[in-house]
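Me: I'd like to go through the charged pairs and the nonpolar packing of a protein model with you. Could you take my questions one at a time?

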Amino acid sequence: MTGNLPKPIKKQREVLYMPSTGHSAVLGTAGSGKTTLALYRAAYLSEPSMPHTGKTLLLTFNKALVTYLKYLKPAELRNVQIETYHTFARGYLNVRGKMRFNCICSDPEERKGYISRVVKAVETGYEPSKFFKRPIEFFMDEIQWIFSHGITSSDEYVKVDRVGRIGTNLSRKLRPVMYEILEKYVELRNQTGNMYDWDDLALHVRKEFEDDDSTRMYKHIIIDEGQDFSPEMIRSLAAAIPEDGSLSFFGDVAQQIYGQRMSWRSSGLNIPQQWLFKENYRNTKQIAQLGLAISQMPFFNDIPDLVEPTSPRADGALPTLAKCNSETQQVELALKAARNVSTTQSVAILVKNREQEKVFSSQLGASATRLHRDLRVWNDGPGIYHGTYHSAKGLEFDMVIIPFLDSENLPDKDHVASHGEEDALTHDGRLLYVAVTRAKTNLILLYSNELTSLLPVDGNLYQEVRP
């Protein structure tokens, strides 16, 4: 029933037989097999011969990972549906008659324009204040935070303890003004026919389920990469199962890169026991040691539920840290290394954003697989893959190449300007952790000038070369 999936070993077997009703949480480190176990869990819960059997939904955040999961899913698992949360949310609201064509504000620039207009309009009603001069990205992310935590009134927003992102907390006296901006944004957005955006979709789904007394479509729901689901997404999924159903949460808080910075406990799940997975089965000892060193840097401090990995036994080469003469040489070296090994190994070139990705896609063309939301078919085996750190979540490759590791690139300067240095270090540090831990046996790190402060300075972690 589980095809070519690797067989669960040791403590992994316990996860298959977690209670088939109620809420369960599996917290693990990178490389501990959480994604594979999520598929095994889906197979167990949907098994027709078992008394707990029922239609099962496996959700994740990333569309490229959905494609990969569908590739791994054995054909026999016909009672298991795999999709992103937002696909599920749109489908449910559509069934309930609450979704019409083109009613989601999905363009970030359009959303940015709405919020920019609203901030300027609200500003005219107040005395001059530095608050209104903050970068527009601050207002965008604060609105996202409010939606993501299911806050629905100014009073609730004023009383809540944790507001804002690291380094950009908002004083209580300014919160009513911020909430007024949110309300004006929703009003303006609705006037243009956009009933939702990606951030408040979960709020509407959760409210709709609370009013929905019909039979639930899925008996069991499994969340993979759960650290990237907002509290409101998780609450909506808890409301989507019947009383005799189950919700299984798989996550790694060290890989939390979408800005929620929350424990799964804040989502209201009732979990009597959690399972911790510390064994790293993916990376060699040397790559795992670098990942562990990154997770022990100051910007990972005070992360709730962080699972420290056990170093794997598999031995390998130290990660290569190469100082190049220029960004051009970084690109040339990355392409050369990728092409040299791609006939026998899978190799991924991972970068910070889509702009940097275009540097490689323009030269690789159709000969490589681009990791992106429209990826429909997963081509396993040797070859070149390229994409952003985000797009590689949940995936693994024999070799990973990470260029542009210069201090002027990481942490992102625009992020520092809008949210402060501490937040930028935390955000981009987790991104880099994700990228590094995608590599199974070989890792190449490239820079030209000053190395980013997001990487540990311990020279014993690398083999340093000058091309």
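Reply: Happy to; here are some questions and answers on salt bridges and nonpolar cores in this predicted model.

Me: How many salt bridges are there by the distance rule?

Reply: Side chains of opposite charge can pair when their charged atoms come close. The rule asks for a side-chain nitrogen of Lys or Arg within 4 Å of a carboxyl oxygen of Asp or Glu. Counted that way, the salt bridges come to 21.

Me: How far apart in sequence are the parts tied together by K98 and E208?

Reply: K98 and E208 form a salt bridge, with their closest N and O atoms 2.9 Å apart. K98 sits in the loop between α4 (85-95) and β4 (104-105), while E208 belongs to helix α9 (residues 201-210), so the parts the pair ties together are separated in sequence by 110 residues.

Me: Is E208 buried or exposed?

Reply: Its partner K98 is partly exposed, at a relative accessible area of 35%. The cut-off for burial is under 20%. E208 has a relative accessibility of 10%, so E208 counts as buried.

Me: Which residue forms a salt bridge with R189 at 2.8 Å between the closest N and O atoms?

Reply: R189 is buried, with a relative accessible area of 1%. R189 forms a salt bridge with D197, where the closest N and O atoms are 3.3 Å apart, and D197 is buried too, at 0% relative accessibility. The salt bridge with 2.8 Å between the closest N and O atoms pairs R189 with D200.

Me: Where does D200 lie?

Reply: D200 counts as buried, at 2% relative accessibility. Its partner R189 is in helix α8 (residues 175-191), eleven residues away from D200. D200 itself lies in the loop between β5 (196-197) and α9.

Me: Which residues do salt bridges with shared partners join into one network?

Reply: We have already met K98 and E208 as a salt-bridged pair. Through shared partners, salt bridges make one network of R96, K98, E208, D212 and R216.

Me: Which helix gives the largest share of the largest nonpolar core?

Reply: In soluble globular proteins, nonpolar side chains tend to be buried together. The largest core here has 60 residues, and those touching the most other members are L371, Y389, I402, L405, L443 and L445. Its largest share, seven residues, comes from helix α2 (residues 34-46).

Me: How many residues does the second, separate core have?

Reply: This core includes L201, A202, F209 and I223. Its size is 30 residues.

How values were computed
Residues numbered from 1 in each chain as written. Predicted model: local features only at pLDDT ≥ 70, side-chain atom pairs only at ≥ 80, totals over all residues. Heavy atoms only, no water. Helix = DSSP H or I, 4+ residues; strand = E, 2+ residues; numbered from the N terminus. Buried < 20%, exposed > 50% of the residue type's maximum accessible area, 1.4 Å probe, protein only. Core = buried A, V, L, I, M, F, W, Y, C linked by side-chain atoms within 4.5 Å.
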